[in-house]
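Me: I'm new to this one and would like a close look at the charged patches on its surface. Could you walk me through them?

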Amino acid sequence: MSEQKLEIFNVLNFLNNGYELEDILNEGNFGTFPSAEDCISYMVDEGYLEGEFSVSADEEITAETVSKKYIVSELKDILRENGLKVSGKKDELVERVLPILKEANEASNNVDTEKSYDLELTDKAYEFLEENDWMDLYMFALVAFRFEDYETYVNSSSSGKIETALKFCDEIISRALLANQFLVFIDALSAKAHVYAYDGDYDSFLDYDLQRYILGLNPIVMDSQTYATYNIINAANILNLKNVLEKLEMGSLKKRFDRIWAKSHITNITVPKKTCYKILQKAIAGADIDELNFDLRQKYFDKKFGI
């Protein structure tokens with residue numbers, strides 16, 4: 001039910017921010033509903049949306065659905081119209097009719113059908129969005145972690161939305177360090193950076209995303225099984241850094257890098273500081289991330305973390 005709440009929130013939030021319903025249906029992820037249309041229909045039935053919503057849903061043609069839908073005389077009529085044998089028990093008639101109905105259904109699905117979307121958010125929808133506005137922050141910054149876990153954390157917190165999210169990240173970071181869960185640790189660093197970005201604090205965002213890059217090249221701990229699928233340089237991390245540096249005046253990257261390196265207290269260096277910074281410059285300038293990762297593996301990582 002929690003995931004379904006999140007899907008409902010996302011659709012309502014997009015609509016409330018001016019997106020077209022058809023675009024939401026085309027792009028959305030509706031994991032707990034059979035289809036996007038089922039999600040919308042549910043919200044209409046539950047009173048979150050009101051207005052006109054009609055769409056032709058594809059009907060699955062099976063022996064069971066055909067048997068329920070048609071009586072024997074109707075099955076015989078279909079067979080007779082198609083020049084086929086009409087004798088036999090109902091199950092036999094169904095099996096004979098099945099290919100005809102499937103072919104007709106496929107043909108109808110190839111024809112464009114009119115869809116009608118004219119829906120508005122109800123008062124209930126606005127109340128739902130206001131009560132659950134923390135879900136927007138979850139989608140922006142915390143999707144690496146289970147929604148149910150964060151929902152429970154939010155419900156037990158008396159702090160504001162941003163402070164709650166930052167505390168959640170800090171607790172994950174602490175637990176991950178104690179349990180030597182390095183991948184969880186750097187995911188939490190990235191999540192904390194994005195919480196700051198959501199709040200418009202791009203200085204803090206850059207600091208934490210830069211630390212995520214530095215520690216990505218200098219893992220605190222890494223077993224061979226984790227290393228087998230580990231991306232040393234994370235492409236999304238580089239894109240985030242590049243976008244912020246290009247769009248905002250953030251001062252000297254080298255000075256910030258030196259400060260965050262010192263703050264990270266790296267005691268077991270894998271990639272030297274000077275090399276780490278040079279690679280960052282190459283990545284931000286557009287160098288191929290896969291090639292950079294391949295070189296890093298060969299020169300620094302395989303002997304230390306490989307099998």
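Reply: Here is a tour of the two charged patches, with a word on confidence first.

This is a predicted model, where local features need pLDDT of at least 70, side-chain atom pairs count only at pLDDT 80 or more, and totals for chains, interfaces and linings use all residues. Residues are numbered from 1 along each chain as its sequence is written, and side-chain values use heavy atoms, with hydrogens and water left out. The mean pLDDT (the predictor's confidence in each residue, from 0 to 100) is 88 for the protein, with 92% of residues at 70 or more.

Let's start with the negative patch: on the surface, Glu50, Glu52, Asp118, Glu120, Asp123, Glu127, Glu130 and Glu131 come together. A patch takes residues with over 30% relative accessible area and no salt bridge, joining like charges within 9 Å; a salt bridge is a side-chain nitrogen of Lys or Arg within 4 Å of a carboxyl oxygen of Asp or Glu. At least two residues each come from β1 (49–54), β2 (116–121) and α7 (123–131), and α7 gives the largest share, 4 residues. Glu127 sits in that helix, α7, and counts as partly exposed because its relative accessibility is 48% (buried is under 20%, exposed over 50%, partly exposed in between, with a 1.4 Å probe and protein chains only).

Now the positive patch, where Lys274, Lys278, Lys282 and Lys299 gather on the surface. Helix α16 (residues 273–285) brings the largest share, 3 residues, and α16 also has the highest confidence in the protein, at a mean of 97. Lys299 belongs to helix α17 (residues 289–305), and its relative accessibility is 63%, so Lys299 counts as exposed.

Definitions and conventions
Patches are made of residues with over 30% relative accessible area and no salt bridge: like charges are joined within 9 Å, nonpolar side chains (Val, Leu, Ile, Met, Phe, Trp, Tyr) within 5 Å. Accessible areas come from the Shrake-Rupley method with a 1.4 Å probe; for residues, only the protein chains shown count as cover. Lys and Arg count as positive and Asp and Glu as negative; His and the chain ends are not counted. The place of a charge is taken as NZ of Lys, CZ of Arg, CG of Asp or CD of Glu.
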